[in-house]
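Visitor: I would like a close look at one part of this model. Please start from the whole chain and then go to a single residue inside a helix.

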Amino acid sequence: MAEKEKNRDVVGGGGVSEETKAIFLEKVRQSNAACQQGNFGLAVSLYTEAIGLDTQNHILYSNRSAAYIKMGQFTKALKDALKAKELNPQWPKAYYREGVALQCMGKHAEALAAFSSGLAQDPKSLQLLAGLVEAAMKSPFKGNLEPTYRQLETMHLDKSPFIIISVIGQELLAQGAYSSAVQVLESALKIGTCSLKLRGSVFSALSSAYWALNSLDKAIYYMQEDLVVAKKLGDTVGECRAHGNLGSAYFSKGNYKDALTSNRYQL
C-alpha cells in the first residue's frame with residue numbers, strides 16, 4: 001500500500017468565517033494530532049466536524065481519506081479522494097489519495113491511471129512516482145512490468161515519469177484495460193518528451209486503445225499524429241503502418257474515399 005506519510009497537509013481555513021475560525025483550526029489541530037497518535041476513528045470524526053465548517057476545503061477531504069485508509073474503509077477513502085479532486089483538479093495529492101484507495105480496493109488498472117494522472121499535474125512529484133511504481137509492482141501486471149523496470153533502472157531511466165507511464169500504458173493496452181490505458185498514455189503526453197520516437201509510440205498505442213473502445217474519431221486523430229511523427233523520422237515502415245490503420249478506420253466510418261487514399265499511400 002502506497003500510503004506511508006506521517007504528516008497531514010496544512011489546512012488554512014480560508015472558507016471559514018472569522019467567528020468560527022478558531023473553532024475550525026482547533027478541530028483541525030485535534031484531528032491531525034489524533035492521526036499522529038494512531039486514533040484514526042477520532043480523526044475521522046474531527047475531520048468531519050471541520051468539513052461541516054468548511055465544506056469546500058479539499059485538504060480536509062484528502063486528510064480524511066488518508067484516515068479512512070488506515071481504518072480499512074477504502075470505499076469511503078476513495079469517495080473523499082474524488083471529492084478533493086473535484087474541489088481542486090490541479091492538486092496532485094488528490095490523485096495520490098485516489099490511487100492508494102483504488103489500489104487497496106484491488107482496482108489495479110484504475111489505480112495506475114490515478115497515479116499517472118497525478119504525475120501529469122506534477123511530473124516532479126516523487127510521492128506520486130513511487131506510488132505508481134509500487135502499485136505496478138503489486139498489480140497482476142508485475143510479471144511483465146518488473147523486468148522492464150529493472151532494465152530502466154540500469155539505464156538510469158527509472159525516474160522518468162514519461163517513460164515509466166508509457167511502459168505501464170503499453171502494458172495496460174496489451175492486457176485489454178483500454179480505458180485505463182488511454183488515461184495513462186494521455187497523461188504521458190501531458191508530461192511530454194523531446195523524443196519523437198517515444199512520442200510516436202504513445203500515439204500509436206493510443207490509436208489502438210481508442211480503436212478497441214470503438215472511439216473511431218479519437219483513434220483517427222492519434223493515427224494521424226502517428227503518421228506525422230513517422231514522416232518526420234523518415235520511418236517508411238511506420239508510415240505504411242499508419243496509412244494502413246487510417247485506411248481501416250476510414251472504412252469503418254464509411255468514408256471510403258479517404259480509406260482508398262490511405263490504402264494507396266500504404267502501397
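Guide: What follows goes from the whole chain to one serine, and then to some residues for contrast.

This is a predicted model, in which local features need pLDDT of at least 70, side-chain atom pairs count only at pLDDT 80 or more, and totals for chains, interfaces and linings use all residues. Residues are numbered from 1 along each chain as its sequence is written, and side-chain values use heavy atoms, with hydrogens and water left out.

The chain has 14 helices and zero strands; helices (H or I, at least four residues) and strands (E, at least two) are DSSP runs, numbered from the N terminus. Its C-alpha trace spans about 75 × 40 × 30 Å along the principal axes. Of its 267 residues, 48% count as buried. Buried means under 20% relative accessible area, exposed means over 50%, and partly exposed is in between, with a 1.4 Å probe and protein chains only.

The part to look at is Ser-116, which lies in helix α6, residues 108-121. With a relative accessibility of 0%, Ser-116 is buried. Which residues does Ser-116 touch, leaving aside its neighbours within four places in sequence? They are Leu-132, Ile-165, Val-184 and Ser-187, where contact means heavy atoms within 4.5 Å. One of these, Ile-165, has a number that falls within α9 (161-174). For the chain as a whole, residues 24 or more positions apart account for 55% of the contacts with a separation of 6 or more.

Two loop residues give a contrast. His-156 is in the loop between α8 (142-154) and α9 (161-174), and at 69% relative accessibility it is exposed. Asn-214 is in the loop between α11 (196-212) and α12 (216-233), and is exposed too, at 61%. Neither is a glycine, yet each has a positive phi: about 60° for His-156 and about 65° for Asn-214.

The cysteines come last. A disulfide is a covalent bond between the sulfur atoms of two cysteines. The structure holds zero disulfides, counted as pairs of cysteine sulfur atoms within 2.5 Å. For Cys-35, the nearest cysteine sulfur is that of Cys-104, 15 Å away. Cys-35 is buried, at 8% relative accessibility, whereas Cys-240 is partly exposed, at 29%.
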